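Reader: I am new to this structure and would like to understand the words used for it. Could you take me through them, one by one?

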Amino acid sequence: MTELVQLSHSLAVATQGKGFIEITGALASWLEESGAANGLLTVLVRHTSASLTIQENADPNVRRDLSDALEALAPESAAYAHQEEGPDDMPSHIKAMLTSVSLGIPVVDGKMTLGTWQGVYLIEHRASPHLRTMALSFIGEVVRR
Amino acid sequence: MTELVQLSHSLAVATQGKGFIEITGALASWLEESGAANGLLTVLVRHTSASLTIQENADPNVRRDLSDALEALAPESAAYAHQEEGPDDMPSHIKAMLTSVSLGIPVVDGKMTLGTWQGVYLIEHRASPHLRTMALSFIGEVVRR
Amino acid sequence: MTELVQLSHSLAVATQGKGFIEITGALASWLEESGAANGLLTVLVRHTSASLTIQENADPNVRRDLSDALEALAPESAAYAHQEEGPDDMPSHIKAMLTSVSLGIPVVDGKMTLGTWQGVYLIEHRASPHLRTMALSFIGEVVRR
């Protein structure tokens with residue numbers, strides 16, 4: 001039986017306004033650098049106007065339609081009480097609440113157990129560029145080096 | 001103090017088109033077979049047009065209303081850019097984004113800490129039958145046998 | 001290398017009808033009492049008409065707008081098949097499905113890795129007061145005392 005370890009990391013991503021930014025590669029790189037073998041990866045986005053999802057990484061139109069769907073569910077035109085930070089701020093909080101703030105991803109043989117068409121995405125909900133940070137945790141077996 | 005272990009498993013479920021399929025029993029069976037005692041169970045669905053939720057397992061009308069609510073939030077009639085895989089595909093991605101792709105469930109004395117009325121469900125969003133796989137992870141104490 | 005442990009706890013919160021109740025402090029207290037140092041905290045709400053989110057803890061208007069958004073997405077006025085438990089029950093299940101039932105939060109040096117403006121909230125979706133319980137799990141390194 002292999003002893004388990006826990007590893008922590010912080011991942012920063014610069015966004016360019018509203019959109020889906022794939023972070024699958026960055027997560028895979030951290031797992032590889034860490035020698036992670038079998039266990040659980042957890043990702044937490046440390047913001048309330050950006051969020052996470054795992055979605056199709058093939059046709060870019062899927063992300064476009066997902067963005068449109070979020071716009072329709074949380075329109076800027078609604079009468080929000082919270083207006084101080086601009087018309088795109090309160091819709092951003094709603095979109096974050098409706099998607100994911102944390103994701104748990106089992107890891108086997110050093111690889112995330114994602115399906116063929118799955119990519120992990122940071123979703124920027126604000127109109128302007130932001131620097132977003134995510135807290136990463138891995139708990140499991142590591143390769144001895 | 002008991003040493004912790006990590007266990008991995010793959011769970012496959014055949015769906016019959018749109019609907020909620022309860023997987024609580026399958027998860028409980030894996031925990032029991034594995035000798036899982038105290039720790040954390042994580043479930044990840046490896047698809048982008050099926051998803052997960054924990055919801056009431058008593059009145060079947062609840063799942064019917066939940067399905068209707070998802071249909072209203074992501075109607076097939078909307079003008080999607082992504083059309084190649086049929087009218088039910090893009091709504092499926094939206095529904096998956098709005099529900100859950102992964103769930104973390106604490107386990108105590110070998111049992112998931114679900115409430116009385118909670119069941120764990122795979123939600124099939126596509127109209128046709130699919131074989132869906134989920135990655136399971138348990139990290140914690142196991143019973144020695 | 002420090003040996004990992006797993007800890008379990010149950011957190012009960014009395015709600016006063018619909019609203020967001022911050023539980024960040026209660027989670028931090030449990031971590032501190034437990035000597036949790038580095039690892040992963042998981043919170044599962046054990047109900048299907050209450051749920052979890054991590055959202056802005058500054059302007060109270062944000063929670064008001066979030067509540068309004070959930071009301072709009074799951075109106076009491078819709079024609080639900082499930083009516084036996086009152087007009088606020090089926091909307092509660094929908095709101096729970098659209099938000100989070102479990103959250104994974106990496107812990108570093110005994111602190112949750114939340115961003116500056118993030119608070120963890122239990123969302124009560126029912127109109128009347130309820131006693132809600134959450135299952136907590138910590139897996140990681142603890143301080144020896």
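Reader: What makes the five strands E1-E8-E3-E5-E6 of chain A an open sheet with antiparallel pairing?
Author: Start with the rule for pairing: two strands pair if DSSP finds at least two bridges between them. In chain A, five strands line up in the order E1-E8-E3-E5-E6, and their pairing is antiparallel. Strand E1 (5-14) and strand E6 (111-112) of chain A stand at the edges with a single partner strand each, so one side of each has no neighbour in the sheet. In general, strands of a sheet pair through backbone hydrogen bonds, either parallel or antiparallel.

Reader: Before we go on, where do these values come from, and how are things numbered?
Author: This is a predicted model, in which local features need pLDDT of at least 70 and side-chain atom pairs count only at pLDDT 80 or more, while totals for chains, interfaces and linings use all residues. Residues are numbered from 1 along each chain as its sequence is written, chains are lettered from A and ligands numbered from 1 in the order in which they are written, and side-chain values use heavy atoms, with hydrogens and water left out.

Reader: How do you know that E5(A) and E6(A) pair?
Author: Two bridges join E5(A) to E6(A), and the rule asks for at least two, so the pair qualifies. The two strands run antiparallel. One position to look at is Val107(A), whose bridge partner in E6(A) is Met112(A).

Reader: What is called a helix or a strand here, and how many of them does chain A have?
Author: Both are DSSP runs numbered from the N terminus: helices (H or I) have at least four residues and strands (E) at least two. On that rule chain A comes to three helices and eight strands. Along the sequence they follow the pattern β-β-α-β-β-α-α-β-β-β-β. The C-alpha trace of chain A spans about 60 × 30 × 20 Å along its principal axes.

Reader: Which strands are the edge strands of the sheet in chain B?
Author: The open sheet of chain B has five strands in the order E1-E8-E3-E5-E6, with antiparallel pairing. Its edge strands are strand E1 (5-14) and strand E6 (111-112) of chain B, each pairing on one side only. Inside this sheet, strand E3 (residues 36-45) and strand E8 (residues 131-142) of chain B run antiparallel and are joined by nine bridges. Leu40(B), for example, has Ile139(B) as its bridge partner in E8(B).

Reader: Why are chain B and chain C said to be related as by a three-fold rotation axis?
Author: In general, two copies of a chain are related by a rotation about an axis and a shift along it. Here a rotation of 120° with 0.0 Å of shift along its axis superposes chain B on chain C, with an RMSD of 0.0 Å; the superposition is by least squares on the C-alpha atoms of residues with pLDDT of at least 70 in both. The two copies are thus related as by a three-fold rotation axis. In chain B, the C-alpha nearest the axis belongs to Leu98(B), 3.2 Å from it.

Reader: What turn and what shift lay chain A on chain B?
Author: A turn of 120° and a shift of 0.0 Å along the axis do it, with an RMSD of 0.0 Å. Leu98(A) comes closest to the rotation axis among the residues of chain A, at 3.2 Å (C-alpha). The copies use different surfaces, as 17% of the contact residues of chain A recur in chain B.

Reader: What counts as contact, and how many residues of chain A and chain B take part?
Author: Contact means heavy atoms within 4.5 Å. By that rule chain A gives 35 residues and chain B gives 31 residues. The two chains bury about 2,700 Å² between them, 65% of it on carbon and sulfur atoms; buried area is the accessible area (1.4 Å probe) that two parts lose on being put together, summed over both.

Reader: Which elements of chain A supply the side that touches chain B?
Author: Strand E3 (36-45), strand E4 (50-56), helix H2 (60-73), strand E5 (102-108) and strand E8 (131-142) of chain A each supply at least two residues. H2(A) gives the largest share, eight residues.

Reader: How many salt bridges and polar contacts link chain B and chain C?
Author: A salt bridge needs a side-chain nitrogen of Lys or Arg within 4 Å of a carboxyl oxygen of Asp or Glu, and the rule finds zero across this interface. Ten residue pairs are in polar contact, both residues at pLDDT 80 or more. Such a contact is a pair of N or O atoms within 3.5 Å; within protein, one must be able to donate a hydrogen and the other to accept it, and residues adjacent in sequence count only if both atoms are side-chain atoms.
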